[in-house]
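Here are my notes for you to read with the model open beside them. Take the points one at a time and find each residue as you go.

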Amino acid sequence: MAPKGTFENNFEDYSEGTAIAVLNGTQDAISSKMQLKLQKYTDAKLHFLTTELASDIFYDNTVYTGSAGLALYYFMSALNKKETYTENLRNALLYLNINNLKGRRISFLCGDAGPLALATVISYKLSRDTTDLPDYKTLVQRLVSLISLLNDSPDELLYGKSGYLYALLFVNKYIDERSIIPPHHIEKAQAHISANDMQTLIKPTLDWLLNQKFPSGNFPSSLKSASGDRLVQWCHGAPGFVPLLILAQQIFGDDKYMKTALHCGNVVWERGLSTKGYSICHGVSGNAYTFIQLYQATKEPIHLYRACCFTEWCCLERSGTELLPPERPASLFEGLVGRLYLAMDLQSLPEAHFPAYTV
């Protein structure tokens, strides 16, 4: 019987026989049949999103719950599909409203930094075309000026300094000018960490976190949480630990990190079909990224197969498999845009990244 909060996973686990339907012959990408299914799904849902759900898209300007989440989807689509590059960048512009930002939060996901970072990069990439955006250098200055909010912001990704740092790195990655955001500004946003700090501060903290693991292999949602060993989702539990552990393996070279990441993958496979629904944040789409990340790190087809199974669950939308309908059904982290983002990433695995998390 499935634990509380999850549906029973009735998918057959990976074997060469089960993989035939969704993976290609060399099992290093999805099959053409699966790709066609995802493309049909994307076309239908994009139409539904921009017609029936159109009024909800502009709930706010943020990447997390608002229109900038769809802008990010179109921006990444432009990078993945060169034949519709300019069209997708122009589509992204339709969902950015940088003249109506609130100036209260600093992060990429839930603050002004996300829409500004996107607008900056798009202005740069469309600079030879006519757009309604200011020059990208003007937008860079607006983004840089948000540092005035730094001291009043928490340290974390969703609302705080880490989210601002992500926005700065995002701009530097996608603008082909050396350090358009200068290094000294990036250092102000997050204190520089030395090699010694990595060994004396970061690694011991990481190892302490590993010791909080439940016997099941899952992790607590927070210290002394009343939820116990129940939540298996990106924002609470094992799925969110996987990218951290993969990075720790790459930096410290200790096999225990990858071993734990793989154990987390098994937890997600067994308990990751969340009754909360399909969202990136606390649902099955976010959990599917566990397997994409493990596949990228190991190249083992079992993880790609499992990602396909979870994506299929999200796309089929079987009756009764979303017991907590999203408050923002047109958003990236709670709603339909997250599933579209996942479908896109599954078709372009080398470039696939959990949105707004890995630069």
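## Notes on the model

1. Let's begin with helix 4, which is mostly covered: 13 of its 14 residues are buried. Keep in mind throughout that this is a predicted model. The helix runs over residues 67-80, and at 1.5 Å a residue it should span 20 Å. Its end C-alpha atoms are indeed 20 Å apart, so expectation and model agree.

2. Now pick out Ser67, which is found in helix 4. Its relative accessible area is 1%, and because buried means under 20%, Ser67 counts as buried. What is Ser67 in contact with, leaving aside its neighbours within four places in sequence? The list is Ile57, Phe58, Asp60, Asn61, Thr62 and Tyr95.

3. Next, a residue outside the helices. Gln27 sits in the loop between helix 1 (16-19) and helix 2 (32-51). Is Gln27 buried or exposed? With 17% relative accessibility, Gln27 counts as buried. Its side chain is joined to that of Tyr14 by a polar contact of 2.5 Å. If you skip residues up to four places away in sequence, Gln27 touches Tyr14, Glu16, Ala19, Tyr295, Pro301 and Leu304.

4. On to charges. Side chains of opposite charge can pair when their charged atoms come close. How many salt bridges does the structure hold? There are 8 salt bridges. One of them pairs Asp155 with Lys161, and the closest N and O atoms are 3.4 Å apart. Look at how the two partners are placed: Asp155 counts as exposed at 53% relative accessibility, whereas Lys161 counts as buried at 18%.

5. Have a look at Asp207 and Lys203 too. Their side chains meet in a salt bridge of 3.3 Å, N to O. The two residues are 4 apart in helix 10 (residues 195-210), so about one helical turn separates them. Both Asp207 and Lys203 are buried.

6. Another salt bridge is worth your time: Glu317 with Arg339, where the closest N and O atoms are 2.6 Å apart. This pair links distant parts of the chain, with the partners 22 residues apart. Glu317 lies in the loop between helix 14 (301-316) and helix 15 (336-346), while Arg339 is in helix 15. Glu317 is partly exposed, with a relative accessible area of 29%, but Arg339 is buried, with 10%. Which residues are joined into one network by salt bridges that share partners? They are Lys45, Glu317 and Arg339.

7. A quick word on cysteines. The structure holds 0 disulfides. Why is there no bond from Cys264 to Cys235? Cys235 has the closest cysteine sulfur, but that sulfur is 15 Å from the one in Cys264, which is too far for a bond. Cys264 is also buried, with a relative accessible area of 0%. Cys315 is in no disulfide either; the nearest cysteine sulfur belongs to Cys314 and is 6.6 Å away.

8. Now the rings. The count comes to 26 aromatic pairs. In one of these, Trp269 and Phe310 have ring centres 5.9 Å apart and planes at 25 degrees, so the pair is stacked. Stacked pairs need planes under 30 degrees apart, which is why 25 degrees qualifies. Here too, the pair links distant parts of the chain: Trp269 is in helix 12 (residues 255-271) and Phe310 in helix 14, 41 residues apart. Trp269 is buried, with a relative accessible area of 8%, and Phe310 counts as buried at 0%.

9. Stay with Phe310 for one more pair. Phe291 and Phe310 are edge-to-face, at 5.0 Å centre to centre and 85 degrees between the planes. Phe291 is in helix 13 (residues 284-298) and Phe310 in helix 14; they are 19 residues apart, and this pair also links distant parts of the chain. Both Phe291 and Phe310 are buried.

10. Finally, put the rings together. Which residues do ring pairs link into a cluster? They are Phe11, Tyr14, Trp269, Phe291, Tyr305 and Phe310. You have already met Tyr14, in the polar contact with Gln27.

Conventions. Residues numbered from 1 in each chain as written. Predicted model: local features only at pLDDT ≥ 70, side-chain atom pairs only at ≥ 80, totals over all residues. Heavy atoms only, no water. Buried < 20%, exposed > 50% of the residue type's maximum accessible area, 1.4 Å probe, protein only. Polar contact = N/O pair within 3.5 Å; in protein donor to acceptor, adjacent residues only side chain to side chain. Contact = heavy atoms within 4.5 Å. Expected span 1.5 Å × (residues − 1). Salt bridge = Lys/Arg side-chain N within 4 Å of Asp/Glu carboxyl O. Disulfide = S-S within 2.5 Å. Phe/Tyr/Trp six-rings, centres within 6.5 Å; stacked < 30°, edge-to-face > 60°.
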